[in-house]
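Reader: Please take a close look at the aromatic side chains in this model, and at what surrounds them. A connected account would suit me better than a list.

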Amino acid sequence: MQTILGSGGVIGIELAGYLQKYTDRIRLVSRTPKKVNSGDETFSADLLDRQQVMKAVEGSGIVYLTAGLPYDSKIWAENWPVIMTNVIEACKKYDSKLVFFDNVYMYGKVDGKMTEETPVNPCSRKGEVRAKIAGLLLDEMKIGNIRGLIARSADFYGPGATNTAVHLLICEKFRNGKKSNWPGNDKLAHSFTYTPDAGKATALLGNTEEAYNQVWHLPTSPEKITGEEMINMFAKEFSVPARYSRLRPLMMKMAGMFNKTVKEMLEMMYQMEYDYIFDSSKFNNKFFKPTNYLQGIKDTAKIYK
């Protein structure tokens with residue numbers, strides 16, 4: 001049995017589809033789980049409840065933690081350590097391997113390339129939380145209490161990736177004939193991971209024995225793409241003028257007074273002050289090459305059209 005905890009998001013859905021290559025026993029776990037494949041088993045559970053997590057993990061050879069929480073620093077600080085502790089304890093009890101789908105917030109300010117060796121140096125409340133929960137798993141892996149791995153992604157985009165800046169600020173705007181937006185400096189390079197690649201790679205890593213006890217950056221195109229270039233490429237696919245506005249910090253601060261999500265985004269704006277280059281060459285060289293931006297943007301825009 002291979003189990004996905006937090007199966008309702010775009011990564012969980014992509015992952016479930018690719019896991020069919022490795023097993024015909026897939027358990028999808030969330031508060032209101034829905035099948036992705038016809039043979040999937042669904043299991044309703046609250047990951048904050050230790051006993052429910054224990055029942056959800058029981059019988060699993062591999063567990064994937066792909067859960068997402070509301071974009072709120074307070075909720076993250078209160079809930080993520082509980083979730084990670086519950087999942088680690090369940091995996092230890094049932095001798096399940098654990099694959100944690102992570103982001104790059106724990107790296108903090110990085111001017112340029114991020115690799116698996118980049119020091120953990122968070123500069124935001126959300127980054128501190130991500131560093132803490134990744135550390136919980138890494139510590140257990142180090143002393144041999146659990147077989148685990150961390151699969152990290154850059155900001156992502158792709159078909160069905162609706163809870164993303166690319167969807168909200170570019171695709172939705174162009175689909176509705178409006179001017180798009182870009183947060184911060186549109187002339188800086190900014191990497192994006194294509195969600196089908198992320199799902200495929202997470203399934204592959206989970207089913208590759210030698211991948212465990214390591215951190216992996218998920219396959220992301222090595223092309224350097226700026227905000228302006230991404231907007232131009234999407235505009236071409238939507239057959240609309242590449243009109244956009246830069247969302248400057250002062251504008252976002254004002255908007256944050258009325259919109260909680262925008263307010264929560266403010267502490268992450270440091271990511272738009274430097275080149276944000278996510279290096280996945282470790283994965284690319286060993287497994288498969290990522291989708292290039294031209295193809296990924298074409299496939300993403302096609303869903304909207």
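**Aromatic pairs and their surroundings**

Author: The model is predicted, and it holds 15 aromatic pairs. One of them is formed by Tyr-157 and Tyr-293, whose ring centres are 6.2 Å apart. The planes of these two rings make an angle of 35 degrees, and the pair is tilted. In sequence the partners are distant: Tyr-157 belongs to strand S8 (residues 156-157) and Tyr-293 to helix H11 (residues 293-304), 136 residues apart. Both Tyr-157 and Tyr-293 are buried.

A second pair is made by Phe-234 and Phe-238. Their planes stand at 40 degrees, which falls between the limits of 30 degrees for stacked and 60 for edge-to-face, so this pair is tilted. The ring centres of Phe-234 and Phe-238 are 6.5 Å apart. Here the partners share an element: both lie in helix H7 (residues 227-238), four residues apart, or about one turn of the helix. Phe-234 and Phe-238 are buried.

The pairing also extends to a cluster. Ring pairs join Tyr-157 and Tyr-293 with Trp-182, Phe-192 and Tyr-194.

Two tryptophan rings have a charged group over them. Above Trp-76 sits the charged end of Arg-130, 5.5 Å from the ring centre. Above Trp-216 sits the charged end of Lys-282, at 4.2 Å from the ring centre.

Another arginine, Arg-27, is part of strand S2 (residues 26-30). Its relative accessible area is 8%, under the 20% limit, so Arg-27 counts as buried. Leaving aside residues up to four places away in sequence, Arg-27 touches an aromatic residue, Phe-43, and charged ones including Glu-41, Lys-55 and Glu-58. Its contacts also include Met-1, Gln-2, Thr-3 and Ile-4, as well as Ala-56, Val-57 and Ser-60.

One more aromatic residue, Tyr-18, takes part in a contact between helices. Tyr-18 is among the residues of helix H1 that meet helix H6. Helix H1 (residues 10-19) packs against helix H6 (residues 195-206) at an angle of about 55 degrees, with the axes 8 Å apart. That angle lies between 35 and 65 degrees, so H1 is oblique to H6. The crossing of the two helices is right-handed. On the H1 side, Tyr-18 is joined by Val-10, Ile-11, Glu-14, Leu-15 and Leu-19. The H6 side consists of Thr-195, Pro-196, Ala-198, Gly-199, Lys-200, Thr-202 and Ala-203.

Note on methods
Residues numbered from 1 in each chain as written. Predicted model: local features only at pLDDT ≥ 70, side-chain atom pairs only at ≥ 80, totals over all residues. Heavy atoms only, no water. Phe/Tyr/Trp six-rings, centres within 6.5 Å; stacked < 30°, edge-to-face > 60°. Buried < 20%, exposed > 50% of the residue type's maximum accessible area, 1.4 Å probe, protein only. Lys NZ or Arg CZ within 6 Å of the ring centre and 35° of its normal. Contact = heavy atoms within 4.5 Å. Axes fitted to C-alpha atoms, helices over the stretch in contact; angles between N-to-C directions. Parallel < 35°, antiparallel > 145°, perpendicular 65-115°, else oblique. Left-handed = near helix turned anticlockwise from the far one by under 90°.
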